[in-house]
Amino acid sequence: MSRTSAIETANEAWGAAPDWVLTLAQTCDELESQHQTAKRIGVSATAVNQILKNKYPGSLPNVEKKVRAALMTDVVNCPVLGEIGSNECLENQGKPFSSASSLKVQLWKACKSCERNLNRKE
């Protein structure tokens with residue numbers, strides 16, 4: 001019995017799957033593991049499975065940002081660091097406050113109110 005590819009699963013479920021879903025599916029096929037793909041982007045394997053099947057009940061825009069950052073190497077313009085990779089942006093968002101340097105303080109303040117911050121309070 002052959003394994004159904006994640007790309008086939010996504011195309012069947014989504015019709016015309018968005019580029020980030022296809023990238024997610026392609027990575028699942030390359031790694032032969034939804035679990036390993038999930039670890040790369042920082043979500044659960046269940047979330048990856050549900051996204052591929054177009055049944056994810058959570059925030060698709062948040063997962064899309066994580067996929068783009070981890071797998072698609074998007075570039076963003078940070079008000080503190082300038083042009084950086086989305087993965088670096090996501091990494092900075094998750095850091096707690098630190099007064100170790102003025103740059104860390106500036107980043108923390110900028111990230112706190114940035115529209116790209118997945119943890120931003122509205």
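Let's start in a loop: Glu-32 sits between H2 and H3. In this predicted model, Glu-32 has a positive phi of about 55°, although it is not a glycine. Its relative accessible area is 63%, so Glu-32 counts as exposed. Another residue invites a look alongside it. Asn-54, found in the loop between H4 and H5, has a positive phi of about 60° and is not a glycine either. With a relative accessible area of 36%, Asn-54 is partly exposed.

Here are these two residues in a small table, joined by two residues from helices that come up again below.

| Residue | Place | Relative accessible area | Class |
|---|---|---|---|
| Glu-32 | loop between H2 and H3 | 63% | exposed |
| Asn-54 | loop between H4 and H5 | 36% | partly exposed |
| Glu-8 | helix H1 | 44% | partly exposed |
| Asp-29 | helix H2 | 19% | buried |

**The chain as a whole**

Stepping back, the protein chain holds seven helices and two strands. Followed along the sequence, their pattern is α-α-α-α-α-β-β-α-α. The C-alpha atoms fill a box of roughly 60 × 25 × 20 Å along the principal axes. Of the 122 residues in the chain, 34% are buried. The chain exposes about 7600 Å², and carbon and sulfur atoms supply 48% of that area. Among the contacts with a separation of 6 or more, 46% are between residues 24 or more positions apart.

**Two nonpolar cores**

The largest nonpolar core has 19 residues, and those that touch the most other members are Val-21, Leu-24, Ile-41, Val-48, Leu-52 and Val-67. Five helices each supply at least two residues of this core: H1 (6-14), H2 (19-31), H3 (34-41), H4 (45-52) and H5 (60-71). H2 provides the largest share, with five residues. Val-21 makes a good place to zoom in: setting aside residues up to four places away in sequence, Val-21 touches Ala-10, Trp-14, Ile-51 and Leu-52. There is also a second, separate core of five residues, and its members include Val-76, Cys-78, Ile-84 and Cys-89.

**H1 beside its partners**

Which residues does Asp-29 contact, leaving aside its neighbours within four places in sequence? They are Arg-3, Ser-5, Ala-6 and Ile-7. Asp-29 belongs to helix H2, and it counts as buried because its relative accessibility is 19%, under the 20% limit used for that class. Glu-8, for its part, has its place in helix H1. Its relative accessible area of 44% makes Glu-8 partly exposed. The C-alpha atoms of Glu-8 and Leu-52 are separated by 9.3 Å, while the two residues are 44 residues apart along the chain. Leu-52 has appeared already, as one of the residues that touch the most other members of the largest core.

**A cavity and a pocket**

How many cavities of 30 Å³ or more does a search of the whole structure find? The search finds one, and about 100 Å³ of space lies in this largest cavity. Its lining has 14 residues, of which Cys-78, Pro-79, Cys-89, Cys-111 and Cys-114 are the closest to the cavity's centre. Strand S1 (75-78), helix H6 (86-93) and helix H7 (102-113) are the elements that give two or more residues to the lining. Sorted by class, this lining contains ten nonpolar, three polar and one charged residues. Cys-78 and Cys-89 deserve a second glance, as they are also among the members of the second core.

The second largest pocket has a volume of about 160 Å³. Among the residues that line this pocket are Pro-61, Glu-64, Lys-65, Arg-68, Asp-74, Val-76, Cys-89, Gln-93 and Arg-116. H5 and H6 each contribute at least two lining residues, with H5 giving the most, five residues. The lining of the second largest pocket divides into five nonpolar, two polar and five charged residues. Cys-89 links several of these sites: Cys-89 lines the second largest pocket, is one of the residues closest to the centre of the largest cavity, and belongs to the second core. Val-76 likewise lines the pocket and is a member of the second core.

How values were computed
Residues numbered from 1 in each chain as written. Predicted model: local features only at pLDDT ≥ 70, side-chain atom pairs only at ≥ 80, totals over all residues. Heavy atoms only, no water. 1 Å grid on protein atoms, 1.4 Å probe; cavity = no way out; pocket = protein on both sides within 12 Å on 5 of 7 lines; lining within 4 Å. Points joined across faces, edges and corners; volume = space filled by probe spheres on them. Helix = DSSP H or I, 4+ residues; strand = E, 2+ residues; numbered from the N terminus. Nonpolar A, V, L, I, M, F, W, Y, C, P; charged D, E, K, R; others polar. Core = buried A, V, L, I, M, F, W, Y, C linked by side-chain atoms within 4.5 Å. Buried < 20%, exposed > 50% of the residue type's maximum accessible area, 1.4 Å probe, protein only. Contact = heavy atoms within 4.5 Å. Areas by Shrake-Rupley, 256 points an atom, 1.4 Å probe, with all protein chains shown as cover.
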